[in-house]
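Please open the model in your viewer and keep the sequence panel beside it. This tour suggests what to select at each stop and says what is found there.

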Amino acid sequence: MNAKEWIAAYAERLGTEAPSVDDWSTILDLAGEAAHSSERVAAPVACWVAARAGTGLDEALAAARQIATDG
């Protein structure tokens with residue numbers, strides 16, 4: 001099972017939709033920004049924080065990039 005198949009199955013199990021192709025790309029950009037600006041473990045936690053805050057992906061990515069710029 002590849003990553004996209006796993007995510008699709010996981011989303012279905014949780015009763016939601018899997019990310020679109022554009023969302024998938026933005027999620028990976030967000031995770032990459034967090035991992036490269038800090039430590040690798042920041043990537044999944046940053047995604048969790050964005051989801052918990054109810055923040056859209058574009059806004060979450062912009063905030064992560066701003067932190068990297070300000071840092």
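A pocket, as the word is used on this tour, is an open set of grid points with protein on both sides within 12 Å along at least five of seven lines, and its lining residues are those that have an atom within 4 Å of a point. Keep in mind throughout that this is a predicted model.

**The whole chain**

Begin with everything shown as a cartoon, and you will find four helices and zero strands, which follow one another along the sequence in the pattern α-α-α-α. The C-alpha trace spans about 40 × 25 × 20 Å along its principal axes. Of the 71 residues in the protein, 18% are buried. Among contacts between residues at least 6 apart in sequence, 45% join residues at least 24 apart.

**The largest pocket**

Next, select Ile7, Pro19, Ile27, Cys47 and Leu57, which are the closest to the centre of the largest pocket among the 23 residues that line it. This pocket has a volume of about 600 Å³. Now colour helix 1 (3-14), helix 2 (21-37), helix 3 (42-53) and helix 4 (57-70), since each of these supplies at least two residues of the lining. Which helix gives the largest share of the lining? Helix 2 does, with six residues. If you colour the lining by class, you should find 17 nonpolar, four polar and two charged residues.

**The second largest pocket**

Move on by selecting Leu30, Ala34, Ala46, Ala64 and Ile67, which lie nearest the centre of the second largest pocket, out of 15 residues that line it. The elements that give two or more residues to this lining are helix 2, helix 3 and helix 4, and the largest share, five residues, comes from helix 3. About 230 Å³ of space lies in this pocket, and its lining is made up of eleven nonpolar, three polar and one charged residues.

**The nonpolar core**

Keep Leu30 selected and add Ala50, Ala60, Leu61 and Ala64, because together these five residues form the largest nonpolar core, a set of buried residues joined through side-chain atoms within 4.5 Å. Helix 4 provides the largest share of this core, three residues. Leaving aside its neighbours within four places in sequence, Leu30 is in contact with Cys47, Ala50, Ala60, Leu61 and Ala64. In soluble globular proteins, nonpolar side chains tend to be buried together.

**Thr26 and Val41**

Now select Thr26, which lies in helix 2. Is Thr26 buried or exposed? Its relative accessible area is 13%, and because this is under the 20% cut-off, Thr26 counts as buried. Apart from neighbours within four places in sequence, Thr26 is in contact with Leu57, Asp58 and Leu61.

For contrast, select Val41 in the loop between helix 2 and helix 3; with a relative accessible area of 58%, which is over 50%, Val41 is exposed. If you draw a distance from the C-alpha atom of Val41 to that of Asp22, a residue 19 places away along the chain, the separation is 23 Å.

**Helix 3 and the residue after it**

Finally, select helix 3 and check its length in the viewer. At 1.5 Å a residue, its twelve residues should span 16 Å, and its end C-alpha atoms are 16 Å apart, so the two values agree. Just after helix 3, stop at Gly54, which takes a positive phi of about 75°.

Technical notes: Residues numbered from 1 in each chain as written. Predicted model: local features only at pLDDT ≥ 70, side-chain atom pairs only at ≥ 80, totals over all residues. Heavy atoms only, no water. 1 Å grid on protein atoms, 1.4 Å probe; cavity = no way out; pocket = protein on both sides within 12 Å on 5 of 7 lines; lining within 4 Å. Points joined across faces, edges and corners; volume = space filled by probe spheres on them. Nonpolar A, V, L, I, M, F, W, Y, C, P; charged D, E, K, R; others polar. Expected span 1.5 Å × (residues − 1). Buried < 20%, exposed > 50% of the residue type's maximum accessible area, 1.4 Å probe, protein only. Contact = heavy atoms within 4.5 Å.
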